[in-house]
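Here are my notes on the model you sent. They go from the overall fold to single residues.

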Amino acid sequence: MTRAGAAWLPGLAPAVLVCLAAPAFFVAEWAWLGWLLLAAGIGTAWLIERGAVTASAPSLTRDLSLIAVGMLIVSIIPLAAELDNLAMLRFTLALGGAVVVPYLISRFVFRDRAISFPWRTGKRWGRLQWGWLIAVLVLGWLILPFYFITSGVYQNWPVVDTPELIARLFVGVGAVGIWDELFFICTVFALLRRHFPNVLANVLQMIVFVSFLWELGYREWGPALTIPFALLQGYIFLKTHSLAYVVTVHLLFDAVVFAVLVHAHNPGLLPIVLV
């Protein structure tokens with residue numbers, strides 16, 4: 001849902017402040033700056049809406065606070081990829097909490113349905129959608145090995161040289177990929193769309209999405225890949241309204257990421273990789 005005309009303009013500044021907390025947390029890794037940006041953004045939204053918030057109308061202050069809660073939960077753990085039991089438990093609790101806690105607050109405290117997870121739409125995927133799934137695999141196969149190996153960013157992931165570690169990597173990469181869509185698309189993007197035009201909301205969620213991926217390991221010239229990917233995922237969700245589809249796209253992309261990481265740490269194990 002978008003706002004008519006330019007009625008959304010006063011709320012843009014607080015939304016930008018909240019979204020800029022993501023690069024503060026996950027790129028610069030200055031937690032204090034992230035806290036200040038969140039406080040400034042939510043405080044500014046409250047000043048703008050003071051006296052105008054009703055129980056039934058979407059509130060920018062409430063919705064930005066939900067995004068802030070999610071980011072704060074994620075920011076309490078280091079996002080460096082690790083595969084030991086404690087690290088995987090830490091990721092599960094923090095990333096899971098970043099989705100579940102805002103949802104529960106929205107549903108049972110604010111008593112709205114701002115956050116939802118529309119898994120299926122009841123419509124069959126068309127030729128264009130199936131074609132894009134094939135294109136994701138082909139583009140990933142052509143681009144990702146070159147990016148990971150020539151830039152050296154594969155070293156941001158642990159060495160996987162045993163069947164157990166390879167299996168753990170497979171589970172971890174896929175689980176984080178699913179979480180990306182639950183949080184960045186179904187939570188951050190959905191909340192922002194209640195107040196801003198779709199294109200602007202998509203750009204704002206991209207800032208949060210790409211910042212998280214940076215700390216996760218997609219560094220060097222990684223944003224040249226992750227920025228269009230984040231924007232495309234938002235656009236695809238707008239067109240399909242299907243969490244199942246955007247998750248499928250992401251998991252196909254991550255399947256290539258997984259194969260490249262295994263190959264990079266075990267040269268020659270997967271001869272289909274180009275680099």
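**Notes on the predicted model**

1. Secondary structure. The protein has nine helices and zero strands. Read from the N terminus, its elements run α-α-α-α-α-α-α-α-α. Please keep in mind throughout that this is a predicted model.

2. Overall dimensions. The C-alpha trace spans about 65 × 45 × 30 Å along the principal axes of the protein. A compact globule of 275 residues would have a radius of gyration near 19 Å, and the protein agrees with that, because its own value is 19 Å.

3. Burial and contacts. Of the 275 residues, 47% count as buried. Taking contacts between residues at least 6 apart in sequence, 74% join residues that are at least 24 apart.

4. Surface and charge. The accessible surface comes to about 13100 Å², and carbon and sulfur atoms account for 71% of it. There are 16 positive and 13 negative side chains in the protein. The centres of these two sets lie 18 Å apart.

5. Ser106. This residue sits in helix H4, which covers residues 85-109. Is Ser106 buried or exposed? Its relative accessibility is 1%, so Ser106 counts as buried, the cut-off being under 20%. Leaving aside residues up to four places away in sequence, Ser106 touches Leu66, Arg111, Asp112, Ala114 and Ile115.

6. Tyr147, setting. Tyr147 belongs to helix H5, residues 127-151. Tyr147 counts as buried because its relative accessibility is 0%. Apart from residues up to four places away in sequence, Tyr147 touches Gly152, Val153, Gly217, Tyr218, Arg219, Trp221, Gly222 and Leu225.

7. Tyr147 and Arg219. Which backbone atom lies 2.8 Å from a polar atom of the Tyr147 side chain? The backbone oxygen of Arg219 does. These two residues are 72 apart in sequence, while their C-alpha atoms are 9.9 Å apart in space. Arg219 is also among the residues that Tyr147 touches.

8. Ile134. Helix H5 also holds Ile134. With a relative accessible area of 57%, Ile134 is exposed, because the cut-off for that class is over 50%. Tyr147, in H5 as well, counts as buried. The C-alpha atoms of Ile134 and Val249 are separated by 9.4 Å, and the two residues are 115 apart along the chain.

9. Glu220. Where does Glu220 lie? It is in the loop between helix H7 (198-216) and helix H8 (223-240). Glu220 is not a glycine, yet has a positive phi of about 55°. Most residues other than glycine have a negative phi. Glu220 has a relative accessibility of 54% and therefore counts as exposed.

10. His241. The loop between H8 and helix H9 (243-265) contains His241. His241 also has a positive phi of about 55° and is not a glycine. At 42% relative accessibility, His241 counts as partly exposed, because that class lies between the cut-offs of 20% and 50%.

11. Points to look at in the viewer. For burial, start with Ser106 at 1% relative accessibility and Tyr147 at 0%. For backbone geometry, go to Glu220 and His241, each with a positive phi of about 55°. For a polar pair, look at the Tyr147 side chain and the backbone oxygen of Arg219.

Technical notes
Residues numbered from 1 in each chain as written. Predicted model: local features only at pLDDT ≥ 70, side-chain atom pairs only at ≥ 80, totals over all residues. Heavy atoms only, no water. Helix = DSSP H or I, 4+ residues; strand = E, 2+ residues; numbered from the N terminus. Rg over C-alpha atoms; globule rule 2.2 N^0.38 Å. Buried < 20%, exposed > 50% of the residue type's maximum accessible area, 1.4 Å probe, protein only. Contact = heavy atoms within 4.5 Å. Areas by Shrake-Rupley, 256 points an atom, 1.4 Å probe, with all protein chains shown as cover. Lys, Arg positive; Asp, Glu negative; His and termini not counted. Charge placed at Lys NZ, Arg CZ, Asp CG, Glu CD. Polar contact = N/O pair within 3.5 Å; in protein donor to acceptor, adjacent residues only side chain to side chain.
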